[in-house]
Amino acid sequence: MQIVVIGGGICGSLIVRELSHLQDVSAILIEGKSDVGQGVTKANSAIVHGGYDDPHGTMRASLCVRGNGMFPQLCEELNVPFKRTGSLVVAKDASDEIEQIENLLANGKKNGIEGLRIVGAEELRRIEPHLSDEYAFALHCSSAGITEPWMIAIAAVNLATMNGARVITGNPVKGGKVCEGRVKEVWLESGMRIPADCVINATGVHFQEVASLFGIETPPVSLRRGEYIILDKLVGDMVKTVIFPVPTEEGKGKLVLPTVDGGVLIGPTSEELDSHALEDVSTTDRGLREVLSSADSLVPGISRFNWVVRSFAGLRPDTEERDFFIKTDNEVKNFITVGSIRSPGLTAAPAIAELVVDEMITDVLNTSFKKKERVVSRLPRTERINELPFSKIAEMIDDDPLHGKIVCQCNEVSEREIINAIREGATTVDGVKFRTRAGFGRCQASFCGWRIVQILSRELGIELSEVRMNEKEAWILDGKVRP
Ligand SMILES: Cc1cc2nc3c(=O)[nH]c(=O)nc-3n(C[C@H](O)[C@H](O)[C@H](O)COP(=O)(O)OP(=O)(O)OC[C@H]3O[C@@H](n4cnc5c(N)ncnc54)[C@H](O)[C@@H]3O)c2cc1C
C-alpha cells in the first residue's frame, strides 16, 4: 500500500511519522518548499495550549486537549524542547473581564482540563512580577507550555525516514489522476507521477487549492494574518509564563511570552486578508506598532528597551465553521483533507496524526494495519553547546575541536552542530538556522551568515554562488567570489 502525504508542516510530518510505524505501508511525504516546517508551522506563537478557550464539542477542543497530553512524550522522542511554563489570561478588576475568565474556566472544565484556576492579585504578582498593576485576576492554566514547532516537523520527518518513509522536498503537487472515485496518482511539478492508494492533503493554507487539483470541493479558506516581534534575550527575565489578555471576537489577543531559547515573543495581530493572499506574510508598520503597544500594556517597559530582534507574520487558515476540517471526501473516497488547521493546530497536531492514521486511513482502505515489530522511536540526542556545562564542553572539544569553534556568537552554535545539521538534511542557510538556531539571535546572522554559506558550500560540495537562503531562486551571491 502506498500512502502519499502532501504537505510537510507539523501535521503532515507527524502523520508520516505515524505511517512509518506500519507494516506493509510505503509512506511518502511531498513538500513543495525546499524544507519541511516552513509554512504556518514556522510562524506562530509556539504555545502548547491548555485548551480552555476552544468551544466545547468542537474538534479543536477535543484534539487540543488530547494533543497537549501527548506533548511531553512526543518532544522527548523527537529531542525537541518543551517547557510547561503555564499560562495566564489576565483580567482587570472589571465585571466584564472577570466574567470572561470565569466563562473560560467553566469551558475549560467542560473540555476536561485539569490545573485550571483563578488567581488573585498577590499570587499573580508572585508568578509574574513585571505584570502591569492594572491586572487583578487571572485564569492560570498549569498545563500550557512552549516549544519549537518547526523542529517537531524536522525531527518527525528525520525519524520517519529512519523507519523507511520517503521524503520529497522542493517539488509541489500540481495535479493527479482520479478514476472511478479514487485517486490513482499524484503528479509533481517536476513531472514525477507517484502511484497512490490513499492521499492525505495536509497543505495548511493551501488545502482548498490542493483539494481542487483532484476535483474535490472543500469549504472556502479564509485568512487572518498575525504579526509578531521577537525581543532580545536581555528582556527574557521579564516574563515567565504565556500572558494573554482576555480574548476578543478576533481571537486570543496579543500576548507576551517567553521563547524556549530565552527570548520573548510579542503579538500577534489579527487582520483578515483576501483569501487569495496565501503567501502574504509581510509585516506592516501599523501592525508592529500595535504589537509593541499591547505588549507594553501587559508588561510595562518591555518594549521601551527597544530590543527588537526581528518581526515576522503567519497566516491562520479558517473556514466559516471556525473548526478544523478533517474529512474523507464523499466522492473521491481515498482522499483525506486535514484542513483549516487554525490555532490550536500545533497543539492538536499529534492527536490529528493519531486520528488520521489509526482511524481514518483504516476506514478509507477498509483494512487494519499491524505495527512494525521494530522501529526507531527516538532520535539520537544532539547536544547544543550553549546548554551544556563547561566541563562537558571541554571533554567534547578534546574529542572533536569543531565543538569549540563557535560560528553563531549570539546563540553560541558550534561548527560541529552546523555540520551535523547539514548531514541531517539542511541544504540552505534557513535549513541550518531552523535546525541549530544559528542566525536566530540578536545580530540575525550579520556576523555568522557568511561562515554558514562557506560551511554549506564545503559540506555540500557546491560553489559558494549556488548556496541559497531558502527557496529555489533565493541566491545569496550573484557571481563568483574569492572564498
Ligand atoms: C499567527 C498564528 C499563531 C498561532 N499560534 C499557535 C499556537 O500558539 N499554538 C497552536 O497550537 N497553534 C497555533 N497556531 C496554529 C498552528 O501554527 C497551525 O495550526 C499549524 O502550524 C498548522 O500546521 P499545518 O501542518 O496544517 O500547516 P503548514 O505548516 O502550513 O504546512 C503545510 C505545508 O504544505 C505545503 N504545501 C502547500 N501546498 C503544497 C503543494 N501543492 N505541494 C506540496 N506541499 C504543499 C506547505 O509548503 C507547507 O509546508 C497559530 C497560527 C498562526 C497563523
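## Interface between domain 1 and domain 2

About 2900 Å² is buried between domain 1 and domain 2, and carbon and sulfur atoms account for 58% of it. Of the area that domain 1 buries against domain 2, Tyr 52, Ala 144 and Ile 146 supply 30%, more than any other three residues. The model is predicted.

The domain assignment of the protein splits the chain into three parts: domain 1 covers 1-81 + 144-221 + 319-381, domain 2 covers 82-143 + 222-313, and domain 3 covers 386-466. Taken over C-alpha atoms, the centres of domain 1 and domain 2 lie 28 Å apart. At their interface, 35 residues of domain 1 contact 37 residues of domain 2.

Polar and charged pairs also occur here. Two salt bridges are counted between domain 1 and domain 2. In the model, the side chains of Lys 33 and Glu 279 form a salt bridge, with 3.3 Å from N to O. Across the interface of domain 1 and domain 2, 16 residue pairs are in polar contact, both residues at pLDDT 80 or more.

Strand E3 (47-48), helix H2 (59-78) and strand E8 (145-147) each give at least two residues to the side of domain 1 that touches domain 2. The most comes from H2, which gives six residues to that side of domain 1. The table sorts the residues on the side of domain 1 that touches domain 2 by class.

| Class, side of domain 1 that touches domain 2 | Count |
|---|---|
| Nonpolar | 17 residues |
| Polar | twelve residues |
| Charged | six residues |

Technical notes. Residues are numbered from 1 along each chain as its sequence is written. This is a predicted model: local features need pLDDT of at least 70, side-chain atom pairs count only at pLDDT 80 or more; totals for chains, interfaces and linings use all residues. Side-chain values use heavy atoms; hydrogens and water are left out. Domain bounds come from an automatic or database domain assignment. Contact means heavy atoms within 4.5 Å. Buried area is the accessible area (1.4 Å probe) that two parts lose on being put together, summed over both. A salt bridge is a side-chain nitrogen of Lys or Arg within 4 Å of a carboxyl oxygen of Asp or Glu. A polar contact is a pair of N or O atoms within 3.5 Å; within protein, one must be able to donate a hydrogen and the other to accept it, and residues adjacent in sequence count only if both atoms are side-chain atoms. Helices (H or I, at least four residues) and strands (E, at least two) are DSSP runs, numbered from the N terminus. Ala, Val, Leu, Ile, Met, Phe, Trp, Tyr, Cys and Pro count as nonpolar, Asp, Glu, Lys and Arg as charged, and the others, Gly among them, as polar.
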